[in-house]
Structure formats: structure tokens, C-alpha cells
Amino acid sequence: MLQRPEPYLDPVSYLMKHNPELPVHFFAVDALRERLGAFLSGFPGLVTYAVKANPSDEVLTHLVDGGLAGFDVASPEEIALVQSIGPQSDLHYNNPVRTEREIQAGLRAGVRSWSVDDASELDKLIRQGIGADHEVSVRFKLPVAGAHYNFGEKFGATETEAAALLQRVARAGFRTALTFHVGTQCGDPQAYATYIAAAINIAKAARVSIKRLNVGGGFPSVRTGQGLNLQKYFEVIHAAVSGFETRPDLICEPGRGLVADAFSYGVCVKSVRAGRVYLNDGIYGGLSEFPSMVIPDFRVLGPDHERNGKTSEMVVFGPTCDSLDQLPHSLHLPDDLCEGDWILFRSMGAYLTGVTTRFNGYGNRETVQVRRL
Ligand SMILES: *Cc1c(COP(=O)(O)O)cnc(C)c1O
């Protein structure tokens, strides 16, 4: 990782000057600051950041410096990382499956907010002696499709289970809360209203007046292809919460929505053949999200100009010797594409740094700060 004190103007000026060998993650600090500002000023509650979306030091540092006080963490390692950068941060341990050792590590680090989706996990928290003033959020799921990625497949109680669990949390004397995740890159703000309506029903069924509602992540990057109107999401959430008898405080935990648009990712063309192209990164590295959800949005840079001419469909491979290392969809690439050209993918700040493997000796990249992407 290279960090330069003086940012380059843009990715093109960096690539022209240095002709780098490794893939390059371009970071526009101002874009991150601007998005953080939009969340902090627009969201009607507490904003926390889901660390797994991009756990790099430079992102965490800029978020802490920009006034972000809370983090959604999922493991003792993420807790240690956040505390090394923002020791005063408010930690929300919202991975609903934890070993007793992980709970102890959370307690030692000062965690006071936990989520659960099953009675066995609540029992573990009680056995480990979490404090009476701690918040316990019950995570529920709905049988809805629509998001790019189904978070409910792994975590979340059904609405009936959630009502029973919420009652137990209240009886045990903890601060009561409900939480959900609409699914990442959620293009439809109404999805939040659907989940909030369900939360209202769960609280009613349990006869518990919840103190806080955690609306999770899911806020999209611009890559939905339909523009991004974050304010609309905030308005829908604010309006939907008025259905509670007593309005709970709100908290959100964006990952992708906060960091994705602050980065682009440059990969270099290693070889061009008839109908196929080989890149210096692929699905075991920075392009790991392509099989599950990426709608590619990119431009192609030749040695001294952007290639805007006629395109053809090309099958795209990564650099490893594994035949799985291929993008799931062909890309429309310029007919004059050459070895040494760069493909610059937009909105690549989320779920890239944390999931890169070292397979076949790849996985290194540079990180370069730019003024604009
Ligand atoms: C991953 C995760 C998030 C962030 O999701 P995004 O779709 O990236 O916003 C938020 N909350 C929890 C509990 C998560 O696991």
C-alpha cells in the first residue's frame, strides 16, 4: 500500500506518469468526506460504519477524522482495528453468531450493543454477563426478494421468532432494539419501509416499546444505474418510523453506501486474443464481487487517450491459472484494445480490500489518492 501525501489530480495522470505494474485502487478522499457529510447531516439518527465493507486504515482514519463516532464490527479483529484508529469509538457488535471467547473480547473492548437472532445467542450473552444497561437488538428477516444479495439467507429470526426473542430481551432487562438488513446495494428505498412496518408489528406482537431501531446497511452506490438519491432513503425511513406508538431512536450502518463511490479500480490488460482478454486482476482479487453482483461501469484508457471507439464482446479472464478466474459476463471492450491498456472500474470502494486472496502469488495492489475519480 502506497500513501502519498500529495494526491494526484486523477487516475489518468497517475497512470501516465508511473505506468504501474500492479492494479491500482484510486481513492478520492473528498468523495468520501462528501458522502459521510450526506449521511451525518441527512440520516435522522446515529450513523455507524460497517467495517467489513472497507477495513483499510486510510478509510477508517478519514471516517474518524470526519466525525463518525460509531462502528458496526463483526469480530475481535475488527474491534481491535477500529480501536487502533478511533479509541473512543462506539462499538456495535452486530454479527449475531459469536463464541463465548468473542463475547469476552467484545466486553473487554467496551462493547455495549449486540445483536441476536436466536435464543441460544441471547443465552450466551447472558451467561457471559453483559451489563444490564447494554443494548440487545433482535435481528429479523422478511421473505422478500429484490436486493442483489440475500442477507436473510444467513441471519435473522422470522417475525414470530423475533417477537418472542424481543420479549425475552425485555424481560432480561436489556435496552430493547430491533434490526434488519434489506440486502446490499438496495435500489428501492421502499424496501426500508417494508422492513420498518414489520418491525412495528413485531414490537406490537411482543408488547415491547423498543428504544432503538437499527435499519442496517444496504444503501447503494451510484452503480445501480438509476442515479443515487440518498435523501429519498432518509425520508422514507423517517416517515415509516412514525408508525411506532413511541418513536424509537434510529441507527444505520452503511458499508457500501458510504465507501463504494470514493474509489475506482484500475486493472491492466496483460494479453489480448481473439474474443478474449487477460487482466492483471480477477475474481480472486479486486474483482471478487463480479460473480455475485457487480454491474460493470468502466472506461478504457490507451497510452495517451481514452478508447471510445467501436466495441465487441470479450470474455475476460483474471491472472491466475484457475479456469474459474473469469468474469461471469463478457464485457463490451474497444476493438482497438491493446496490451498495456487500463480498464478503470467505477465505484469500487466496497468489498474489495477485505476479500482479496494471495492465490497464485497475486493480490498485491497500490492505493493512490486522487482529487477526483
Ligand atoms: C455487511 C453489513 C452491513 C453493511 O452492508 P452494506 O450493504 O454494505 O451497507 C451492515 N450491517 C450488518 C450487520 C452487516 O453485516
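**Buried residues, cavities and a helix**

Me: Which residues is L60 in contact with, leaving aside its neighbours within four places in sequence?
Reply: In this predicted model, L60 is in contact with Y49, V51, P55, F71, L81 and I85, once neighbours within four places in sequence are left aside. L60 itself is found in helix α3, residues 57-65.

Me: What makes these count as contacts?
Reply: Contact requires heavy atoms within 4.5 Å. Each of Y49, V51, P55, F71, L81 and I85 is in contact with L60, and therefore each has a heavy atom within 4.5 Å of one in L60.

Me: Why does L60 count as buried?
Reply: The relative accessibility of L60 is 1%. Buried means under 20%, and therefore L60 counts as buried.

Me: How many residues lie along the chain between the positions of L60 and V82, and what separates their C-alpha atoms?
Reply: L60 and V82 are 22 residues apart along the chain, and 7.3 Å separates their C-alpha atoms.

Me: How do you know that the span of helix α8 agrees with its number of residues?
Reply: Helix α8 covers residues 190-206, which is 17 residues. The expected span is 1.5 Å times one less than the number of residues, so α8 should span 24 Å. Its end C-alpha atoms are 25 Å apart, and this agrees.

Me: Which residues of α8 are buried, and what covers them?
Reply: The buried residues of α8 are A191, Y192, A193, Y195, I196, A198, A199, I200, I202, A203 and A206. Their cover includes α7 (159-171), β7 (175-179), β8 (212-214) and α9 (230-241).

Me: What phi does R207 take, just after α8?
Reply: R207 takes a positive phi of about 50°. Most residues other than glycine have a negative phi.

Me: Which value does phi of Q185 have, and where does Q185 lie?
Reply: Phi of Q185 is near 55°, a positive value in a residue other than glycine. Q185 lies in the loop between β7 and α8.

Me: Is Q185 buried or exposed, and is N19 buried or exposed?
Reply: Q185 has 2% relative accessibility; buried means under 20%, and therefore Q185 is buried. N19 has a relative accessible area of 57%; exposed means over 50%, and therefore N19 is exposed. N19 has a positive phi of about 40° although it is not a glycine, and N19 is found in the loop between α1 (11-18) and β1 (24-27).

Me: How many cavities of 30 Å³ or more does a search of the whole structure find?
Reply: The search finds 2 such cavities. About 40 Å³ of space lies in the largest cavity, and about 30 Å³ lies in the second largest.

Me: What makes a space a cavity?
Reply: A 1.4 Å probe must fit in a cavity but be unable to get out.

Me: Which residues line the largest cavity?
Reply: R223, R256, G286, E289, S347, M348, A350, Y351 and L352 line the largest cavity. By class, this lining has 4 nonpolar, 2 polar and 3 charged residues.

Me: Why is S347 called buried?
Reply: The relative accessibility of S347 is 8%, under the 20% limit, and therefore S347 counts as buried. S347 is found in the loop between β15 (342-345) and β16 (366-369).

Me: What makes the pairing of the side chains of S347 and D261 a polar contact?
Reply: The side chains of S347 and D261 make a polar contact of 2.7 Å. The limit for the N or O atoms of such a pair is 3.5 Å, and therefore 2.7 Å satisfies it. Residues that S347 touches include D261 and R223.

Me: Which residues line the second largest cavity?
Reply: D281, G282, Y284, G285, P319, T320, D325, T357, Y362 and G363 line the second largest cavity. By class, this lining has 3 nonpolar, 5 polar and 2 charged residues.

Me: Why do T320 and D325 count as buried?
Reply: T320 has a relative accessible area of 10%, and D325 has a relative accessibility of 1%. Buried means under 20%, and therefore T320 and D325 are each buried. T320 is found in the loop between β13 (311-317) and β14 (331-334), and D325 lies in the loop between β13 and β14.

Me: What joins the side chains of T320 and D325?
Reply: A polar contact of 2.7 Å joins the side chains of T320 and D325. Not counting residues up to four places away in sequence, T320 also touches Y284, F359, N360 and Y362.

Terms used
Residues numbered from 1 in each chain as written. Predicted model: local features only at pLDDT ≥ 70, side-chain atom pairs only at ≥ 80, totals over all residues. Heavy atoms only, no water. 1 Å grid on protein atoms, 1.4 Å probe; cavity = no way out; pocket = protein on both sides within 12 Å on 5 of 7 lines; lining within 4 Å. Points joined across faces, edges and corners; volume = space filled by probe spheres on them. Nonpolar A, V, L, I, M, F, W, Y, C, P; charged D, E, K, R; others polar. Helix = DSSP H or I, 4+ residues; strand = E, 2+ residues; numbered from the N terminus. Buried < 20%, exposed > 50% of the residue type's maximum accessible area, 1.4 Å probe, protein only. Polar contact = N/O pair within 3.5 Å; in protein donor to acceptor, adjacent residues only side chain to side chain.
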